[in-house]
Amino acid sequence: MNILRVVRRYFTLWFLFAKHELLFQFSSKSTMLFFFIGKLIRFTSLMLILIMFRLNTKGLAGYSIDEVIVFFLTFNLIDIISQMVFRGVYSLSGKVRTGEFDFFLMRPVNPLFRSLTGQPDFNDLLMFVPLIGFTVWYISRALPTLSIAHILLYLLLLGNGLIIAAAFHIFVICIGVVSTEVDNTIMLYRDLSQMGRFPMEIYREPLRGILTFIVPIGIMMAVPAKALLGLLSPQIIVISFAISITMFLLALFAWDRSLKSYASASS
């Protein structure tokens, strides 16, 4: 019951943060308009890429074009959700430099929760809602014989991928707390994650192994799509969950160490 009470409390806090952030974003109508135009252009570009795939490509790395598009859509789902939820990471360095981060440490809210999820970006909903609708439609059309087991495993591994994404963002926060700089690190993560748009088989070894198991972009982005296609062995499924749990625990350890070395703005 205590755990449920804590979870309920943090869900309530997150909705308060989200409400505040939404009101802040709507305070400038011109900014919201530009964001809307940008998201519309991005979604249109995504649709154009998919149309080009369909018209000009028969397959890639041994996968049919429908299977490649499933990989591409899965990547975009994880990418957009992580950007939408973990957007606060992008502004952390400014909070550390100005001393606002000190207030995160003083308040009775977990500072990691506040830093990681306390500034959700609702602009990404403009892409997420149509994208998830299109993804469900496309998968049901391209893979009409999907079993419930494959769908459930796909959803579990999507969650597993988001845990890895959270771990990456926690590492970025740790660097920001220690060095007051996150821009280059978050851009490095963004560049690496882009390599998960397509099946890992397009890369040669040892790069494929590095991207799959050491810097687990493949586990995060490609493994859920493979689960949906019925291409995963039980061993890879177990390894995928083990890697995400290990990476998340290492990220929490790094966070603890970064707080111990943090020098506040008042010191």
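**Figure 1. The structure holds 3 salt bridges.** This is a predicted model, and the close-ups below walk through it region by region. Side chains of opposite charge can pair when their charged atoms come close. In this view, look for the partners Arg190 and Asp79, whose side chains meet with an N to O distance of 2.5 Å. The two residues sit in distant parts of the chain, 111 residues apart, with Arg190 in helix 9 and Asp79 in helix 3 (residues 65-85). Are these two partners buried or exposed? Both Arg190 and Asp79 are buried.

**Figure 2. A salt bridge between Glu201 and Lys226.** Here the closest N and O atoms are 2.7 Å apart. Glu201 belongs to the loop between helix 9 and helix 10, while Lys226 belongs to helix 11 (residues 217-228), so this pair ties together parts that lie 25 residues apart in sequence. The two ends differ in their cover: Glu201 is partly exposed because its relative accessible area is 26%, and Lys226 counts as buried because its value is 17%, with the line for buried drawn at under 20%.

**Figure 3. A salt bridge within helix 12, from Asp256 to Lys260.** The side chains of Asp256 and Lys260 meet at 3.4 Å, N to O. Because they are 4 residues apart in helix 12 (residues 234-260), about one helical turn separates them. Asp256 has 35% relative accessibility and so counts as partly exposed. Lys260 reaches 60% and is therefore exposed, the cut-off for that class being over 50%.

**Figure 4. The cis peptide bond between Glu205 and Pro206.** Most residues other than glycine have a negative phi, and most peptide bonds are trans. The bond joining Glu205 and Pro206 is cis, with omega at about 5 degrees. Where does Pro206 lie? You will find Pro206 in the loop between helix 9 (183-193) and helix 10. Glu201, the salt-bridge partner from Figure 2, lies in the loop between helix 9 and helix 10 as well.

**Figure 5. A nonpolar patch on the surface.** Leu207, Ile210, Phe213, Ile214 and Ile239 make up this patch, and together they offer about 440 Å² of accessible area. Which helix gives the largest share of the patch? Helix 10 (residues 207-214) does, with 4 residues. Phe213 is a handy one to pick out: this residue is in helix 10, and its relative accessible area of 41% makes it partly exposed.

**Figure 6. The lining of the largest cavity.** Rolling a probe the size of a water molecule over the atoms shows where empty space is left. The count comes to 1 cavity of 30 Å³ or more, and the largest cavity has a volume of about 40 Å³. The residues around this space are Gly88, Leu92, Lys95, Phe104, Arg114, Ser115, Gly118 and Gln119. Helix 4 (92-98) and helix 6 (111-117) each contribute at least two residues to the lining. Sorted by class, the lining of the largest cavity has 4 polar, 2 nonpolar and 2 charged residues.

**Figure 7. The second largest pocket, with about 270 Å³ of space.** Its lining has 16 residues, of which Thr135, Val136, Ile139, Tyr154 and Leu155 are the closest to the centre. Helix 3, helix 7 (125-142) and helix 8 (148-179) each supply at least two of the lining residues. Helix 7 gives the largest share, with 6 residues. What is the make-up of this lining by class? The lining of the second largest pocket has 14 nonpolar residues, 2 polar ones and no charged ones.

**Figure 8. Two separations along helix 3 and helix 8 to try in your viewer.** Phe71 lies in helix 3 and is buried, because its relative accessible area is 0%. The C-alpha atoms of Phe71 and Val223 are 8.9 Å apart, although the two residues are 152 residues apart along the chain. Ala166, found in helix 8, is buried too, as its relative accessible area is 8%. From the C-alpha atom of Ala166 to that of Ile69 the separation is 25 Å, and along the chain these residues are 97 residues apart.

Methods. Residues are numbered from 1 along each chain as its sequence is written. This is a predicted model: local features need pLDDT of at least 70, side-chain atom pairs count only at pLDDT 80 or more; totals for chains, interfaces and linings use all residues. Side-chain values use heavy atoms; hydrogens and water are left out. Patches are made of residues with over 30% relative accessible area and no salt bridge: like charges are joined within 9 Å, nonpolar side chains (Val, Leu, Ile, Met, Phe, Trp, Tyr) within 5 Å. Accessible areas come from the Shrake-Rupley method with a 1.4 Å probe; for residues, only the protein chains shown count as cover. A salt bridge is a side-chain nitrogen of Lys or Arg within 4 Å of a carboxyl oxygen of Asp or Glu. Buried means under 20% relative accessible area, exposed over 50%, partly exposed in between (1.4 Å probe, protein chains only). On a 1 Å grid over the protein atoms alone, a cavity is a set of points where a 1.4 Å probe fits but cannot get out, and a pocket is an open set with protein on both sides within 12 Å along at least five of seven lines; lining residues have an atom within 4 Å of a point. Grid points are joined across faces, edges and corners, and a volume is the space filled by probe spheres set on the points. Ala, Val, Leu, Ile, Met, Phe, Trp, Tyr, Cys and Pro count as nonpolar, Asp, Glu, Lys and Arg as charged, and the others, Gly among them, as polar.
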